[in-house]
Amino acid sequence: MSATDFHLTLSSARALHLAAQGLLQPPPRKTGKDDVLACIRNMSALQIDTINVVARSPYLVLWSRLGHFEHAWLNELLEEGHLFEYWSHEACFLPIEDYGLYRHQMVSPQGLGWKYNHKWLQENTAQVETIRQHIRENGASRSADFERTDGKSGGWWEWKPEKRSLEILFTTGEVMVAKRHNFQRIYDLRERVHPKWNDKKHLRTPLECERTQILQAVRALGICKASWMADYFRMGKFDAKNQPVQLVKEGLLIPVQIANQEQLFYVHPARLDALQLAQDNQLKATATRILSPFDPVVWDRKRAIEFFDFDYKLECYTPAPKRRYGYFTLPILRRGALIGRMDAKAHRKDGMFEIKALHLESGVRVSKAMTTDLGKTLREFAAWHECTDIQLQHCSSPELGQLLATEI
């Protein structure tokens with residue numbers, strides 16, 4: 001198959017990407033727990049973040065694709081052993097069948113950067129062993145179950161030694177997250193959480209895992225160029241045997257040309273049917289959704305610029321006076337384009353959803369149809385947060401602000 005067998009416009013390539021991500025069309029009217037698991041398997045990774053001015057990121061990513069669902073299902077899937085947690089793009093919920101792709105990192109965690117501190121482990125071996133023994137003897141435990149013993153008050157990165165010990169044990173795979181309660185991790189020994197795993201029988205080589213994850217990344221993204229592949233699972237430089245050109249030769253990737261793009265793009269063979277529809281301009285993006293800052297569509301900020309012309313930065317770590325858009329801005333996806341972002345907060349006790357600021361992207365045309373789509377999605381989003389009242393404080397487009405006032 002030559003590099004010219006498939007040609008797409010940029011809009012059809014975006015549609016293929018959104019179809020692969022489950023964001024091409026509005027969510028189904030009814031969703032069950034199996035749909036949550038299928039959604040995570042489709043993305044291969046669901047990033048975890050604890051900021052909760054609106055729903056926490058993993059729930060928000062699922063809502064964008066599935067609509068209303070029960071939050072409890074995510075923890076149930078973890079507790080039932082269908083999911084596990086580990087470092088992937090960042091800390092993520094992952095399908096348990098992919099455990100083998102990460103096990104080699106647990107066995108040799110030296111390449112995980114700040115997530116693993118060998119010097120600290122050497123200096124605190126006794127402390128780590130005490131935590132391990134406590135879990136072995138007393139069962140699943142939280143960080144809060146261990147009283148701080150170093151006399152410090154704590155802080156953003158001032159983890160107590162007991163918490164660091166748990167993180168070391170987690171990173172080296174000796175403990176796993178058995179479940180969560182109020183979103184707090186509860187750890188237990190690996191052999192109790194995932195008893196079917198056996199290193200002697202199941203351990204794969206890093207080279208095999210790298211190849212599988214490259215293919216998974218391309219499948220999850222729908223279409224991507226070589227420079228985007230590594231970020232999906234935060235992989236490093238690929239081995240020569242796993243370069244995209246080699247994978248094309250082996251029939252494991254399909255090369256695609258996008259109009260006005262110099263570099264080739266790649267599609268996984270599992271997306272061949274969708275690729276053919278995209279080439280025939282038969283994939284139509286109709287969904288309007290609110291995205292998490294940690295959604296796979298935007299978590300690679302460089303890709304968001306190159307693919308969607310959407311220059312996005314999460315400003316919660318930026319001092320308030322220097323913020324341009326707000327603390328926790330949520331990208332707005334409408335019919336295949338990222339049209340804006342909003343800074344919002346759910347006041348759940350008061351039943352009020354506050355939109356502190358809504359900013360349209362430059363060049364986005366305000367229309368009745370766009371306002372109707374956005375208004376409907378904002379009402380759904382607020383209702384999912386158990387808020388019946390929506391208050392829009394500021395809109396970069398006075399015209400849109402006036403029209404939305406009648407919609408929300």
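1. Start with the loop between β5 and β6 (184-189), since that is where N182 sits. N182 is not a glycine, yet its phi is positive, about 55°. Keep in mind that this is a predicted model. For context, most residues other than glycine have a negative phi. Is N182 buried or exposed? Its relative accessibility is 62%, so N182 counts as exposed, the cut-off being over 50%.

2. N281 makes a good companion case. Here too phi is positive, about 60°, and the residue is not a glycine. You'll find N281 in the loop that runs between α14 (272-279) and β10 (288-290). With 42% relative accessibility, N281 counts as partly exposed.

3. Two positive phi values also turn up just after helices. S44 follows α2, and its phi is near 75°. G81 follows α4, with a positive phi near 90°.

4. Now for α2 itself, which spans residues 33-43. Its buried residues are V36, L37, C39, I40 and M43. Why do they end up on the same side of α2? Because the arc they cover around the axis is only 160°. As a reminder of the geometry, an α-helix has 3.6 residues a turn, so residues three or four places apart point the same way.

5. Helix α4 (residues 72-79) has W73, L74, N75, L77 and L78 buried. What do those buried residues of α4 pack against? On the helix side, the partners are α2 and α3 (57-66). Among the strands, they pack against β2 (46-47), β3 (83-87), β4 (91-95) and β5 (175-181).

6. A helix pair worth pulling up in your viewer is α1 (residues 10-20) with α15 (residues 301-308). Their axes come within 11 Å and cross at roughly 140°. That crossing angle makes α1 oblique to α15. From α1, the contact uses L10, A13, R14, H17 and L18; α15 supplies R303, F307 and F308.

7. On to the sheets. One is an open sheet of four strands, ordered β1-β8-β9-β7, and its pairing is mixed. The edge positions go to β1 (7-8) and β7 (224-225). Each of these two has a single partner strand, so one side of each lacks a neighbour in the sheet. For β1, the pairing with β8 (residues 254-258) is parallel and runs over two bridges. If you want a specific spot to look at, H7 has Q257 of β8 as its bridge partner.

8. Further along the chain, strand β13 (residues 352-360) pairs with strand β14 (residues 389-392), again in the parallel sense, over four bridges. Which residue of β14 is the bridge partner of E354? That would be Q391. Add helix α16 (residues 368-384) and the three elements, β13, α16 and β14, make a β-α-β unit of right-handed sense.

9. Last, a residue within that unit: H359 lies in strand β13. At 14% relative accessibility, H359 counts as buried, because the cut-off is under 20%. Leaving aside residues up to four places away in sequence, H359 touches R324, Y325, I339, G340, R341, H394 and S396.

Terms used: Residues numbered from 1 in each chain as written. Predicted model: local features only at pLDDT ≥ 70, side-chain atom pairs only at ≥ 80, totals over all residues. Heavy atoms only, no water. Buried < 20%, exposed > 50% of the residue type's maximum accessible area, 1.4 Å probe, protein only. Arc of directions from axis to C-beta. Pairing = 2+ DSSP bridges. Right-handed = clockwise from strand over helix to strand, strands pointing away. Contact = heavy atoms within 4.5 Å. Axes fitted to C-alpha atoms, helices over the stretch in contact; angles between N-to-C directions. Parallel < 35°, antiparallel > 145°, perpendicular 65-115°, else oblique.
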